[in-house]
Amino acid sequence: MKLTLKRLALVLLALAALTVIAAAISAIVCKSTFCVRNYTVAIEGIKTDTRVVMLSDLHSCQYGKDNQRLLQAIQEEQPAAIFCVGDMVNAGADDTELKQLVSFVSDLQEIAQVYFSLGNTELQNMMDGGADVLQLMQSVGAVALLDDYVETEIGGNRINVGFTMGHYNYTQEQWKNPPDYAMEYAVGADGTPAIVLMHMPESFILDIHNKWTGDLYLCGHTHGGLWRIPGIGGVFAPTQGFFPKYDRGYFTFDDGRFQMIINPGFGGHKGIPRIFNLPELSVITLTGI
Ligand SMILES: [Fe+2]
């Protein structure tokens, strides 16, 4: 009996050691590379199939000098538009990080029109007196707005694009009647296909979206659950806590009336690495119904 217990302890110890080694290797892989994932999203009113790309939560990560590997991957997709959905720099980003972001978005603009929406890090930096990231992005040609939308053309399709950070640090009263609902009510009200760049997916998770008019919501913020357990999913996401349902990928709400893609981002969280959670460049083919 003692021998069996000893063997069992050894097996468990070996398994634990293997898990730690695999996690360490995965953390290195997740920091140095990313995957490309394809989605097809049908929206009423899209007349020409159109490919766009989406990225979020870059958190100042670099893939090669001046992010050349990421730029090349985006270039290869020949997108009609590039959507940046917030947290592209870290909280407290310094001048170097901001210059890197400006340079990166300027390079993206050479590929396709960039639509840039703020994440909580950029918004917090601005609230703390940091640089106006919206102005910086606009200075290199990106469409960058907050709680507003533009009527635009993407791949020959008329599309409205909305911009909101989500609902960061709202009080309970603001959750019920937040000041930026005007954009969500208006963006697709006339039946024009509407894509909303919304860093935080919380509004859907907390079910306060019932009168909204967007068709496709592009989100980030969850970092895919940061660590992932194969076969189970993400380990932790803000608001949702442990084992979040909405961690990364494609979701629908209200019997398909609303569609959402959560990009798992590229960065870790405050020095905590991603494990078994490859960063993702999301490639979305918009098609009609
Ligand atoms: Fe983030």
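This section describes the iron site and a six-stranded sheet in a predicted model.

The iron ion is coordinated by two aspartates and two histidines, namely Asp57 (OD), His59 (NE2), Asp87 (OD) and His223 (NE2), at 2.0 to 2.3 Å. Along the chain, these donors follow the spacing D-x1-H-x27-D-x135-H. Asp87 belongs to the loop between strand S3 (81-84) and helix H3 (95-111), and His223 to the loop between strand S9 (216-219) and strand S10 (228-229); the pair therefore ties together parts that are 136 residues apart in sequence. The four donor atoms subtend angles of 86 to 176° around the iron ion, so the arrangement is irregular. For tetrahedral coordination, all angles would have to lie between 85 and 135 degrees. Asp87 is buried, at 3% relative accessibility, and His223 is likewise buried, with a relative accessible area of 7%.

Strand S9, which precedes the loop holding His223, is part of an open sheet of six strands. The strand order in this sheet is S6-S7-S8-S9-S15-S14, and the pairing is mixed. Strand S6 (148-154) and strand S14 (249-253) stand at the edges; each has a single partner strand, so one side of each is left without a neighbour in the sheet. From one strand to the next, the twist averages 25°. S9 and strand S15 (residues 258-262) run parallel and are joined by four bridges. Tyr217 has Met260 in S15 as its bridge partner.

Note on methods: Residues are numbered from 1 along each chain as its sequence is written. This is a predicted model: local features need pLDDT of at least 70, side-chain atom pairs count only at pLDDT 80 or more; totals for chains, interfaces and linings use all residues. Side-chain values use heavy atoms; hydrogens and water are left out. Donors are N, O and S atoms within 2.8 Å of the metal (3.2 Å for Na, K and Ca); water is not among the atoms, so sites may look incomplete. Four donors count as tetrahedral if all angles lie between 85 and 135 degrees; four count as square planar and six as octahedral if opposite donors are over 155 degrees apart and all others between 65 and 115; anything else is irregular. Helices (H or I, at least four residues) and strands (E, at least two) are DSSP runs, numbered from the N terminus. Buried means under 20% relative accessible area, exposed over 50%, partly exposed in between (1.4 Å probe, protein chains only). Two strands pair if DSSP finds at least two bridges between them. Axes are lines fitted to C-alpha atoms, for helices over the stretch in contact, and angles run from 0 to 180 degrees between N-to-C directions.
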